[in-house]
Amino acid sequence: MRGQSASADAKPRSTDPYRVMLVDDSAVIRGLFTRFLEADPDVKIVASVGDGQRAIDTLKNNDVEIIVLDIEMPRMDGITALPELLKVNPGVQVVMASTLTARNAEISLRALALGARDYLTKPSSTSEMTGAADFPSDLLSKVKAFGAQSRRKSGAAAPTAASGAARTPAPKSALAAAAARSAARPSSAARSSAAARTDYTLRKPSGRRADVIGIGSSTGGPQALFRVLTDLTKTIKQPILVTQHMPPTFTTILAEHITKTSGWVCSEAKTGDVVSPGRIYLAPGGYHMTVKTEGVEKVIALNQDPPENFCRPAVDPMMRSLIKAYGRVLAVILTGMGHDGREGCRAVVEAGGDVVAQDEQSSVVWGMPGAVAQAGLCCEVLPVSEIGASVSRLARG
């Protein structure tokens, strides 16, 4: 039994800040992470250690809700430590952190299968990290989203501004101040999850055969994609296009994993690829994936237009292009933060297509699917275990 777990579990946790442990062999990186996170009064670093074994020992004696876990460390690396940490505390939320390499992308995807909730790509140097405006906010949003989700499932209260403000000094640096301003508003995941507790209305299915299937996903998406695509009947003739919010390199590895796991042929899309029936095309990291008509063929057209919904690749431009190129689209929105895909799905419905979303209970974060459900765009909102069969049925019309 963990040293503080008995008292912590005996009654709901108060509105104290989210309790985070940092695990990284670089004291400099841990210091920067502490600075980024504690700029927000709703986050408190309760432990900071340099390897996996120390993390396991520390978790046994501390009440931790979220762990930010490095992959490459001496003594015990992150992928070795992960299952041991989950044995000590099965409910702890683990975010893997690593620099962007093919090896680390492969390990991060393996970590998701072992129980990690998400991954985070670190800039390759401390100077890049301090100069990157997106990284501190990305780190903070993930920590707060998973902390909020953990407390909702346990019935505990989330932090309030008043509860943390008394404990946490005002940020000293411009960088910390910017992170604090970014975090002052509830994260998109927190807003979406709160909204998910209200009712939503389902539309009647169109009853028409879809010309193409478009899938959007983000946080928790890889595991959901593996399940949905594995469950699809191999008689489906429509092409399947997938936008998963991921950086470059990760999408290359993900396409290979989809092929191995699902039995479908999946490739990372390239400009000029002719879209073929019964194949899966995955948007590459850093590019919006769209489809255009050239003569009698449908052809992939990648672009680096500005991010939409803070994302590139984004789901909305993919959906818009599918409507223009094909007509009737069957859209599927899986687990993820934010609301990317909502406006694209609105256009899908207006063009006579159908939308299926993952339900809240089976989602890692009910942001994207919650957004389309709350907008009244879905004909079905289902557990991830039922979506493959639903898509197979709806695709036939």
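1. What do the buried residues of α5 pack against? They pack against α4 (78–88), β4 (93–99), β5 (118–122), α11 and α12 (250–262). Keep in mind while going through these points that this is a predicted model. The buried set in α5 is made up of Asn104, Ala105, Ile107, Ser108, Leu109, Ala111 and Leu112.

2. A bit more on that helix. α5 covers residues 102–114, so 13 residues by the DSSP run, and from its first C-alpha to its last it reaches 19 Å. That is close to the 18 Å expected at 1.5 Å a residue. Just past the end of α5 comes Gly115, with a positive phi of about 125°.

3. Now the sheet. It is an open one with seven strands, and going across you meet β8-β9-β7-β6-β12-β13-β14, with parallel pairing. The edges belong to β8 (266–268) and β14 (380–382); each has a single partner strand, so one side of each has no neighbour in the sheet. On average, neighbouring strands are turned by 20° against each other, direction ignored.

4. Helix α11 (residues 221–231), one of the elements α5 packs against, also packs on this sheet. The strands α11 touches are β6 (212–217), β7, β9 and β13 (354–358). Its direction makes about 165° with that of β7.

5. Have a look at β6 next. Six of its six residues are buried, so the strand is largely enclosed by the rest of the structure. Both faces are covered: one side carries Val212, Gly214 and Gly216, the other Ile213, Ile215 and Ser217.

6. Which strands pair with β6, and over how many bridges? Five bridges join β6 to β12 (residues 329–333), running parallel, and β6 also pairs with β7 in the parallel sense over five bridges. To find the register by eye, put Ile213 opposite Leu330 in β12, and look for Gln244 in β7 as the bridge partner of Ser217.

7. Moving outward from β7 (residues 240–244), three bridges join it to β9 (residues 280–282), again in parallel. Here Ile240 stands opposite Ile280.

8. On to the aromatics: a search of the whole structure turns up four aromatic pairs. One of them is Phe33 with Phe135, a tilted pair at 5.6 Å centre to centre and 40° between the planes. Phe33 belongs to helix α2 (residues 27–38) and Phe135 to helix α7 (residues 134–154), so this pair ties together parts that are 102 residues apart in sequence. Phe33 and Phe135 are both buried. Ring pairs also bring in Phe36, giving a cluster of Phe33, Phe36 and Phe135.

9. Is the pair of Tyr119 and Phe250 stacked or edge-to-face? The ring centres are 4.8 Å apart and the planes are at 20°, so the pair counts as stacked, the cut-off being under 30 degrees. Tyr119 sits in strand β5 and Phe250 in helix α12, so parts 131 residues apart in sequence are tied together. Both residues are buried. Note that β5 and α12 were already on the list of elements that the buried residues of α5 pack against.

10. One last contact to look up: what sits over the ring of Tyr326? That would be the charged end of Lys298, 5.5 Å from the ring centre.

Terms used. Residues numbered from 1 in each chain as written. Predicted model: local features only at pLDDT ≥ 70, side-chain atom pairs only at ≥ 80, totals over all residues. Heavy atoms only, no water. Pairing = 2+ DSSP bridges. Helix = DSSP H or I, 4+ residues; strand = E, 2+ residues; numbered from the N terminus. Axes fitted to C-alpha atoms, helices over the stretch in contact; angles between N-to-C directions. Contact = heavy atoms within 4.5 Å. Expected span 1.5 Å × (residues − 1). Buried < 20%, exposed > 50% of the residue type's maximum accessible area, 1.4 Å probe, protein only. Phe/Tyr/Trp six-rings, centres within 6.5 Å; stacked < 30°, edge-to-face > 60°. Lys NZ or Arg CZ within 6 Å of the ring centre and 35° of its normal.
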